[in-house]
Amino acid sequence: MRRIGMLTSGGDCQALNATMRGVAKSLYNMYDDVEIIGFEDGYKGLIYANYKIMQPSDFSGILTEGGTILGTSRQPFKQMRVPDENGLDKVESMKHTYRKLKLNCLVVLGGNGSQKTANMLSEEGLNVVSLPKTIDNDLWGTEMTFGFQSAVNIATNAIDCIHTTAASHRRVFIVEVMGHKVGWLTLHAGMAGGADIILLPEIPYDINVVCEAITRRSKAGKHFSILAVAEGAISKEEAAMTKKQLKEKKKNGPVYPSVAYEIGARITEITGSEVRVTVPGHTQRGGSPCAYDRVISTRLGAEAARLIAEEQYGYMVAFRGNDIVQVPLKEVAGKLKTVDPGCAMIQEAKMVGICFGDE
Ligand code: F6P
């Protein structure tokens, strides 16, 4: 009997279920005697031994379902070595659950922090195979994470919807896009939605450059502008500040609900334009996965099952070119894949006139 543990960790995204289905269907097709144990709410389920024995039917009909049938939670990597409120050693507890259940392997579907924990468990001697999940696409070692393209579609749709109303009212609209500290989602949705200005964490902006772009458009007879702003966007002044100075600025300055509101206030102050802010927020992680995500999830899932069958542990399956490859977990853990400001996509965006607030 082979026993495989499975968990989904961190913020959810589309195609978590599709990916688990890919792993499970492949395993059930390869072996008659495989049992999948599903841990509830991410690493929490492994720590506190909350699990259910899955049936093949659990993985049927979930290809198109958003969310995760196992539930998820954020268990920060930094806290893993810190005992819980009852003094429980979480790492030892996870190892204990794994051994007690006589697992052959643990399958982890997660983003950056979850991959760090997966690597730690692998270094602690557990057999681990992981899969790259996140709408942020910021995982090192893979060109694409599942969830990203679905989120791009939703954020693009938000920008599309804003276009008609922005034109009718001659306003400046800001759509704030998720992505944590990286700009992949904003860059892709901004380009796909025809945003005039795109602000990314990787390219600190100058508010005067942003306002000049808006004024230039106005003078050219275009009476609206649309900005796609990453939730992690920062100004040039902020980028030059120390962490302490940034904290001081936040403490002493006006309080805004998020970065888009701050940028909006500055635009009104400088140009006199009427500005509206739209924050699609968690809608970007919701709903059914797009076709692209369903395809890569199924492929990633099948390849994860192949690694398990070949007893190749300590890897994350990844997408490169059009191939599924395996990357050692120790290479993935702790590295962020950011947008290179000099990359071809940024240059091409600039060629069609998109302003990034830097020049
Ligand atoms: O990592 C995915 C993500 O959606 C980020 O884009 C965002 O910054 C964060 O999670 C939001 O986290 P939470 O769901 O915990 O509010």
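# Exercises on a predicted protein model

The structure holds 16 salt bridges. It is a predicted model, and the exercises below work through its charges, its overall dimensions and several individual residues.

## Exercise 1. Salt bridges and their surroundings

Task: Determine which residue forms a salt bridge with E274, and state how far each partner is exposed.

Solution.
Step 1. The partner of E274 is R276, and the closest N and O atoms of the pair lie 2.9 Å apart.
Step 2. E274 has a relative accessibility of 39%, so it counts as partly exposed.
Step 3. R276 has a relative accessible area of 34% and is likewise partly exposed.

Task: Identify the acidic side chains that meet K350 in salt bridges, and describe the exposure of K350.

Solution.
Step 1. D358 meets K350 in a salt bridge with an N to O distance of 2.9 Å.
Step 2. E359 also forms a salt bridge with K350, at 3.1 Å from N to O.
Step 3. K350 has a relative accessible area of 23%; because the buried class ends under 20%, K350 is partly exposed.
Step 4. E359, at 67%, is exposed.
Step 5. Elsewhere, R81, E92, K95 and E124 are joined into one network by salt bridges that share partners.

## Exercise 2. The chain as a whole

Task: Assess whether the radius of gyration of the protein chain agrees or disagrees with that of a compact globule.

Solution.
Step 1. For 359 residues, a compact globule would have a radius of gyration near 21 Å.
Step 2. The protein chain has 22 Å, which agrees with that expectation.
Step 3. The C-alpha trace spans about 70 × 40 × 30 Å along its principal axes.
Step 4. The secondary structure comprises 13 helices and 11 strands.

Task: Describe the burial, the contacts, the exposed surface and the charges of the protein chain.

Solution.
Step 1. Of the 359 residues, 53% are buried.
Step 2. Take the contacts between residues at least 6 apart in sequence: 73% of them join residues at least 24 apart.
Step 3. The exposed area is about 15700 Å², of which carbon and sulfur atoms supply 50%.
Step 4. There are 41 positive and 40 negative side chains, and the centres of the two sets lie 2 Å apart.

## Exercise 3. Positive phi outside glycine

Task: For K102 and R170, give the phi value, the location and the exposure.

Solution.
Step 1. K102 is not a glycine, yet its phi is positive, near 55°.
Step 2. K102 sits in the loop between α3 (90–100) and β4 (105–110).
Step 3. With a relative accessible area of 63%, K102 is exposed.
Step 4. R170, also a residue other than glycine, has a positive phi of about 55°.
Step 5. The loop that holds R170 runs between α5 and β6 (172–177).
Step 6. The relative accessible area of R170 is 56%; since exposed means over 50%, R170 is exposed.

## Exercise 4. Residues in loops: buried or exposed?

Task: Locate D136 and S235, classify each as buried or exposed, and list their contacts beyond four places in sequence.

Solution.
Step 1. D136 belongs to the loop between β5 (128–132) and α5 (148–169).
Step 2. At 13% relative accessible area, D136 is buried, because the limit for that class is under 20%.
Step 3. Apart from its neighbours within four places in sequence, D136 contacts F148, G179, H180, V182 and W184.
Step 4. D136 and R306 are 170 residues apart in sequence, and their C-alpha atoms are 26 Å apart in space.
Step 5. S235 lies in the loop between β8 (225–230) and α8 (236–239).
Step 6. S235 is buried, with a relative accessible area of 6%.
Step 7. Not counting residues up to four places away in sequence, S235 touches P204 and Y205.

## Exercise 5. A residue in helix α1

Task: Place A18 in the fold, state whether A18 is buried or exposed, and relate A18 to residues elsewhere in the sequence.

Solution.
Step 1. A18 is part of helix α1, which covers residues 16–30.
Step 2. The relative accessibility of A18 is 0%, so A18 counts as buried.
Step 3. Beyond its neighbours within four places in sequence, A18 is in contact with I62, L63 and S297.
Step 4. R299 is 281 residues from A18 along the chain, and the two C-alpha atoms are separated by 10.0 Å.

Technical notes: Residues are numbered from 1 along each chain as its sequence is written. This is a predicted model: local features need pLDDT of at least 70, side-chain atom pairs count only at pLDDT 80 or more; totals for chains, interfaces and linings use all residues. Side-chain values use heavy atoms; hydrogens and water are left out. Helices (H or I, at least four residues) and strands (E, at least two) are DSSP runs, numbered from the N terminus. Buried means under 20% relative accessible area, exposed over 50%, partly exposed in between (1.4 Å probe, protein chains only). Contact means heavy atoms within 4.5 Å. The radius of gyration is taken over C-alpha atoms; the globule rule is 2.2 Å times the number of residues to the power 0.38. Accessible areas come from the Shrake-Rupley method with a 1.4 Å probe; for residues, only the protein chains shown count as cover. Lys and Arg count as positive and Asp and Glu as negative; His and the chain ends are not counted. The place of a charge is taken as NZ of Lys, CZ of Arg, CG of Asp or CD of Glu. A salt bridge is a side-chain nitrogen of Lys or Arg within 4 Å of a carboxyl oxygen of Asp or Glu.
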